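Visitor: I have a structure to look at and some basic questions. Can we start with the cysteines and then move on to the ligand?

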Amino acid sequence: MTMEKQIAENYRAVCARIEAACKRAGREPAEVRLVAVTKYARLEWARALAALGVADLGESRPQQLVARSKELLEPVRWHLIGHLQRNKVRAVLPPTELIHSADSLRLLESIERIAGELDLRPRVLIEVNLTGEEAKHGFREEELEAAWSDVLKLERVRIEGLMTMAAYSDDPEEARPTFKRLRELRDRLQSMSPAGARTGLTQLSMGMTGDFEVAVEEGATIVRIGGALWEGLEAADPADQHESGRDPGA
Ligand SMILES: *Cc1c(COP(=O)(O)O)cnc(C)c1O
């Protein structure tokens with residue numbers, strides 16, 4: 001099977017699983033956006049996916065997002081899903097459609113200031129660490145509630161919702177309580193916001209290859225999927241990831 005065919009097949013299978021999960025939850029598939037995570041994908045794969053009409057691509061490393069936004073000429077929207085250091089904000093804001101990973105007030109304030117200098121209105125999700133894992137980035141639940149009045153003071157940054165990652169498990173059901181908590185936290189933050197606040201908090205970015213169906217059932221509006229889209233393909237050598245036009249068989 002050609003790479004393009006394999007990707008088309010994987011993509012169709014992922015869409016069918018999203019649709020089935022929507023059906024179980026009484027939701028419309030149009031309410032759930034797929035962000036295809038390309039962090040381990042060759043540029044050619046991202047291109048093949050874009051050719052199928054997948055318009056949202058996600059990268060976890062700011063440098064790779066910036067590089068690929070220049071290399072890939074297809075009209076895709078770039079999502080930053082990994083940790084953003086403050087010294088990368090200036091480079092990442094112009095090519096990025098949505099930052100999923102705002103994980104501290106300092107970072108949000110830095111985005112606010114630089115957005116002012118660049119005259120941009122960045123769209124941002126706040127990352128929440130609900131599992132307590134030390135290695136994970138993100139606000140703790142109570143930390144975000146305590147910081148909320150400061151978050152509401154941001155003028156340029158548009159806070160559109162929350163993002164989380166469940167703990168790794170072979171059983172997707174184990175992720176369900178985490179996704180439910182993110183939704184409930186969103187509801188609480190909404191009630192702490194004045195009516196007509198800039199913060200709509202409409203987006204819940206949750207669910208990856210191992211648990212996206214459960215996330216959809218719990219109200220995800222964005223799922224971030226890598227692995228399931230690249231099944232049957234051989235991942236690039238990380239050192240090659242920026243380069244385009246490489247034929248692994250050549
Ligand atoms: C890598 C990554 C994903 C995609 O993970 P898969 O298991 O490959 O689907 C989603 N979200 C974040 C934040 C990631 O870093």
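Guide: Yes. A disulfide is a pair of cysteine sulfur atoms within 2.5 Å. Keep in mind that this is a predicted model.

Visitor: How many disulfides does a search of the whole structure find?
Guide: The count over the whole structure is zero.

Visitor: Why is there no bond between C15 and C22?
Guide: Because their sulfurs are too far apart: the cysteine sulfur closest to that of C15 belongs to C22, and the distance is 11 Å. Seen from the other side, C22 is in no disulfide either, and its nearest cysteine sulfur is that of C15.

Visitor: New topic. Which residues are around the ligand?
Guide: They are V37, K39, I81, M165, M208, T209, R224, I225, G226 and G227. By class, this shell has five nonpolar, three polar and two charged residues.

Visitor: What lies 2.6 Å from an oxygen atom of the ligand?
Guide: A polar side-chain atom of T209. The side chain of K39 also has an N or O atom 2.7 Å from a ligand oxygen. With G227 the backbone is involved: one of its N or O atoms is 2.8 Å from an oxygen of the ligand.

Visitor: And how much of the ligand's accessible area does the protein cover?
Guide: On its own the ligand has 390 Å² of accessible area, and the protein covers 84% of that.

Visitor: Which pocket is the ligand's space?
Guide: The ligand takes up the space of the largest pocket. That pocket holds about 340 Å³. It is lined by 18 residues, and those closest to its centre are V37, K39, Y40, I81 and M208.

Visitor: What classes are in that lining?
Guide: The lining of the largest pocket has 10 nonpolar, six polar and two charged residues.

Definitions and conventions. Residues numbered from 1 in each chain as written. Predicted model: local features only at pLDDT ≥ 70, side-chain atom pairs only at ≥ 80, totals over all residues. Heavy atoms only, no water. Near = heavy atom within 4 Å. Polar contact = N/O pair within 3.5 Å; in protein donor to acceptor, adjacent residues only side chain to side chain. Areas by Shrake-Rupley, 256 points an atom, 1.4 Å probe, with all protein chains shown as cover. 1 Å grid on protein atoms, 1.4 Å probe; cavity = no way out; pocket = protein on both sides within 12 Å on 5 of 7 lines; lining within 4 Å. Sits in = over half its atoms within 2 Å of the grid points. Nonpolar A, V, L, I, M, F, W, Y, C, P; charged D, E, K, R; others polar. Points joined across faces, edges and corners; volume = space filled by probe spheres on them.
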